[in-house]
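Please open the model in your viewer and keep the sequence alongside, since the tour moves from one selection to the next.

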Amino acid sequence: MKLDTIDLRILDAIQRDGRITKLALAEKAGLSPTPCWMRLRKLEKAGVIIGYHARIAPRRIAPVACVMMEVTLANHRQVDFERFERAVAAIPEIVACWSVGGGVDYILKIMTADIDAYQRLVDGLLDRELGIDRYFTYIVTKTVKEETVLPVASFAASDE
């Protein structure tokens, strides 16, 4: 889908404030409310906008351990990747998983109550014989930057 500058302004605004009013969104986009609303619906229907979410501060709820984990599988057949990915998708504490090129197969972001809970999660993965050959653990000691707003204007082609 080719986006113009108005679409990009709409995307930027709703990323920054998912609860923005129709009127305020139209103002930021430089449109009247009805055409702006129609564009927003078009972006949703095209799958460009895939949801609206609240951003939670987990450490305000309870102590939490955030762990990044590199995983390399022993075998690299499609069935091995699919088995691992199905298992990961079913574990709520694994909040992100990326299949990557290079020296490892996956990078996971895991959030648990503490390091002991993380280790129990890993032990459970290993017990399930998902084909994990090696894994490396990196404990996040401080979040320096974690953006939820994507710089869509910098990677989307514009009509103007």
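**Cysteines**

Begin by selecting C36, which counts as buried because its relative accessibility is 1%. Bear in mind throughout that this is a predicted model. Move next to C97, which counts as partly exposed at 29% relative accessibility. How far is the sulfur of C97 from the closest cysteine sulfur? That closest sulfur belongs to C66 and lies 14 Å away, which is too far for a bond. With a disulfide taken as a pair of cysteine sulfur atoms within 2.5 Å, the count for the model comes to 0 disulfides.

**Helix α1**

Now select residues 5-16, which make up helix α1. The 12 residues of α1 should span 16 Å at 1.5 Å a residue, and its end C-alpha atoms are 17 Å apart, so the expected and modelled spans agree. At the start of the helix, look for D4, where a side-chain oxygen reaches to within 3.1 Å of the backbone nitrogen of I6. Colouring by accessibility will show that I6, D7, L8, I10, L11, A13 and I14 are buried in α1. To find what covers these buried residues of α1, display α2 (22-29), α3 and α6 (152-155), which are included in the cover.

**Salt bridges, starting from D7**

Stay on D7, which is buried with a relative accessible area of 2%, and add R39, which at 22% relative accessibility counts as partly exposed. These two residues form a salt bridge in which the closest N and O atoms are 2.9 Å apart. Because R39 lies in helix α3 (residues 33-45) and D7 in helix α1, the pair ties together parts that are 32 residues apart in sequence.

Follow α3 onward to R41 and E44, whose side chains meet in a salt bridge with an N to O distance of 2.2 Å. Both residues lie in helix α3, 3 residues apart, or about one turn of the helix. In an α-helix there are 3.6 residues a turn, so residues three or four places apart point the same way. R41 is partly exposed at 31% relative accessibility, and E44 is also partly exposed, with a relative accessible area of 21%.

Then select R77 and D80, where another salt bridge is found, at 2.8 Å from N to O. D80 is buried, with a relative accessible area of 3%. Returning to the first pair with D4 added to the selection, you can trace how salt bridges that share partners join D4, D7 and R39 into one network. In the model as a whole, the count comes to 7 salt bridges.

**The β2-β3 hairpin**

Next, select strand β2 (residues 94-99) together with strand β3 (residues 106-112), which run antiparallel and are joined by 5 bridges. Within this pairing, A96 has K109 in β3 as its bridge partner. The two strands form a hairpin with 6 residues between them, and in the turn G102 has a positive phi of about 115 degrees.

**T72 and its surroundings**

As a last stop, select T72, which is placed in strand β1 (residues 65-73). Is T72 buried or exposed? At 9% relative accessibility it counts as buried. Leaving aside residues up to four places away in sequence, T72 touches G103, V104 and D105, and also G131, I132, D133 and R134.

Key. Residues are numbered from 1 along each chain as its sequence is written. This is a predicted model: local features need pLDDT of at least 70, side-chain atom pairs count only at pLDDT 80 or more; totals for chains, interfaces and linings use all residues. Side-chain values use heavy atoms; hydrogens and water are left out. Buried means under 20% relative accessible area, exposed over 50%, partly exposed in between (1.4 Å probe, protein chains only). A salt bridge is a side-chain nitrogen of Lys or Arg within 4 Å of a carboxyl oxygen of Asp or Glu. Helices (H or I, at least four residues) and strands (E, at least two) are DSSP runs, numbered from the N terminus. Two strands pair if DSSP finds at least two bridges between them. The expected span of a helix is 1.5 Å times one less than its number of residues. Contact means heavy atoms within 4.5 Å. A polar contact is a pair of N or O atoms within 3.5 Å; within protein, one must be able to donate a hydrogen and the other to accept it, and residues adjacent in sequence count only if both atoms are side-chain atoms.
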